[in-house]
Amino acid sequence: MNDELTAGDEVVRELLGSRRTWAVVGCSPDPARDSHRIARLLLERGNRVVPVNPAADRILGQRCHPALSDVPEAIDVVDLFRRSEVVGAHVDEAIEVGAQAVWMQLGVIDAAAARAARAAGLIVVMNRCPAIEVRRLGIA
C-alpha cells in the first residue's frame, strides 16, 4: 500500500472524532458481519448512518438505499465494504455525489481509486477499520 495515498492519524482522528453522515456501502443486515458491526459502532458514536445495500430495506433501524446516488442527503464519509477489485466504481460514485471522504475497510486496497479520490479533493483512508482506529488512537 502507498502510504501517501491514505490519510494520516490526525485526519483519521478528526473523521472518527466528530459527528458526520456515513454511507456504509455493502452494509449487511446480518449482525455477525463486520459491515453491520461497524455501522452500529458509528451510530453509537453519534453519527448518522445511511446503509447502502440494494437487497435490504432497513438495517439498524435506518432506511437502506440501493446506491449512493439514491441517498437524498449530503454524505460526509463513504465507508466501503466491497472487494478491492470492485471498489473503484464506488469511489467514482462517492466523487459524483460530493462526499468529503472515502474509507476503504481493512483489506480493501485500490491505489488507482485512491488517487482518483484524492485528485477530486476527497480524503482517503485505505486498508483501515474504524473500530481498530478508535481503540488505537484513543478516540473517546
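A residue is called exposed here when its relative accessible area is over 50%, buried when that area is under 20%, and partly exposed in between. With these terms in hand, the predicted model can be described helix by helix, beginning with helix 1.

In helix 1 (9-17), the residues Glu10 and Gly17 are exposed, and they sit on the face turned away from the buried side. The buried side itself is made by Val12, Leu15 and Leu16. Viewed down the helix axis, these buried residues fall within an arc of 90 degrees, so they line one face of helix 1. This arrangement can be read with a simple rule in mind: an α-helix has 3.6 residues a turn, so residues three or four places apart point the same way. The partners against which the buried residues of helix 1 pack are strand 1, strand 5, strand 6 and strand 7, together with helix 2 and helix 5.

Helix 2, which spans residues 34-44, has Ser35, His36, Ile38, Ala39 and Leu42 as its buried residues. The arc that they cover around the axis is only 165 degrees, which puts them on the same side of helix 2. Their cover includes helix 1 and helix 5, as well as strand 1, strand 2 (48-52), strand 3 and strand 5. After helix 2 comes Gly46, a residue with a positive phi near 95 degrees.

Helix 3 can be described in a similar manner. Within residues 87-96, the buried positions are Val87, Gly88, His90, Val91 and Ala94. These residues cover an arc of only 160 degrees around the axis, and therefore lie on the same side of helix 3. Among the elements that cover them are strand 1, strand 5 (77-80), strand 6 and helix 4 (111-119). Helix 3, too, is followed by a glycine with positive phi, in this case Gly98, at near 80 degrees.

Strand 1 and strand 6 both appear in the cover of helix 3, and they are also the two elements that hold an aromatic pair. What is the count of aromatic pairs in the model? The count comes to 1. The rings of Trp22 and Trp103 have centres 5.7 Å apart and planes at 50 degrees; the pair is tilted because this angle is neither under 30 degrees, as stacking would need, nor over 60, as an edge-to-face pair would need. Trp22 belongs to strand 1 (residues 21-25) and Trp103 to strand 6 (residues 101-104), so the pair ties together parts that are 81 residues apart in sequence. Are these two tryptophans buried or exposed? Trp22 is buried, at 0% relative accessibility, and Trp103 is likewise buried, with a relative accessible area of 0%.

Another residue with a relative accessible area of 0% is Ala114, which is buried and has its place in helix 4. Setting aside residues up to four places away in sequence, Ala114 touches Leu5, Met104, Val124 and Met126. For one of these partners, Val124, the C-alpha atom is separated from that of Ala114 by 6.3 Å, although the two residues are 10 residues apart along the chain.

The largest pocket has a volume of about 310 Å³. Of the 17 residues that line this pocket, Val25, Gly26, Ser35, Phe81 and Arg82 are the closest to its centre. Ser35 is also one of the buried residues of helix 2. By residue type, the lining consists of 8 nonpolar, 6 polar and 3 charged residues.

Several loop positions complete the picture. Arg83, in the loop between strand 5 and helix 3, is partly exposed at 48% relative accessibility. From Arg83 to Pro66 the distance is 17 Å, C-alpha to C-alpha, for a separation of 17 residues in sequence. Which residues have a positive phi without being glycine? Leu60 has a phi of about 55 degrees, and Asn127 has one of about 60 degrees. Leu60 is found between strand 3 (58-59) and strand 4 (62-63), in the connecting loop, where it is partly exposed at 27% relative accessibility. The loop that holds Asn127 runs between strand 7 (123-125) and helix 5 (130-137). Asn127 is partly exposed as well, with a relative accessible area of 23%.

Conventions
Residues are numbered from 1 along each chain as its sequence is written. This is a predicted model: local features need pLDDT of at least 70, side-chain atom pairs count only at pLDDT 80 or more; totals for chains, interfaces and linings use all residues. Side-chain values use heavy atoms; hydrogens and water are left out. Rings of Phe, Tyr and Trp (its six-membered ring) pair if their centres lie within 6.5 Å; planes under 30 degrees apart count as stacked, over 60 as edge-to-face and the rest as tilted. Helices (H or I, at least four residues) and strands (E, at least two) are DSSP runs, numbered from the N terminus. Buried means under 20% relative accessible area, exposed over 50%, partly exposed in between (1.4 Å probe, protein chains only). The arc is that of the directions from the helix axis to the C-beta atoms. Contact means heavy atoms within 4.5 Å. On a 1 Å grid over the protein atoms alone, a cavity is a set of points where a 1.4 Å probe fits but cannot get out, and a pocket is an open set with protein on both sides within 12 Å along at least five of seven lines; lining residues have an atom within 4 Å of a point. Grid points are joined across faces, edges and corners, and a volume is the space filled by probe spheres set on the points. Ala, Val, Leu, Ile, Met, Phe, Trp, Tyr, Cys and Pro count as nonpolar, Asp, Glu, Lys and Arg as charged, and the others, Gly among them, as polar.
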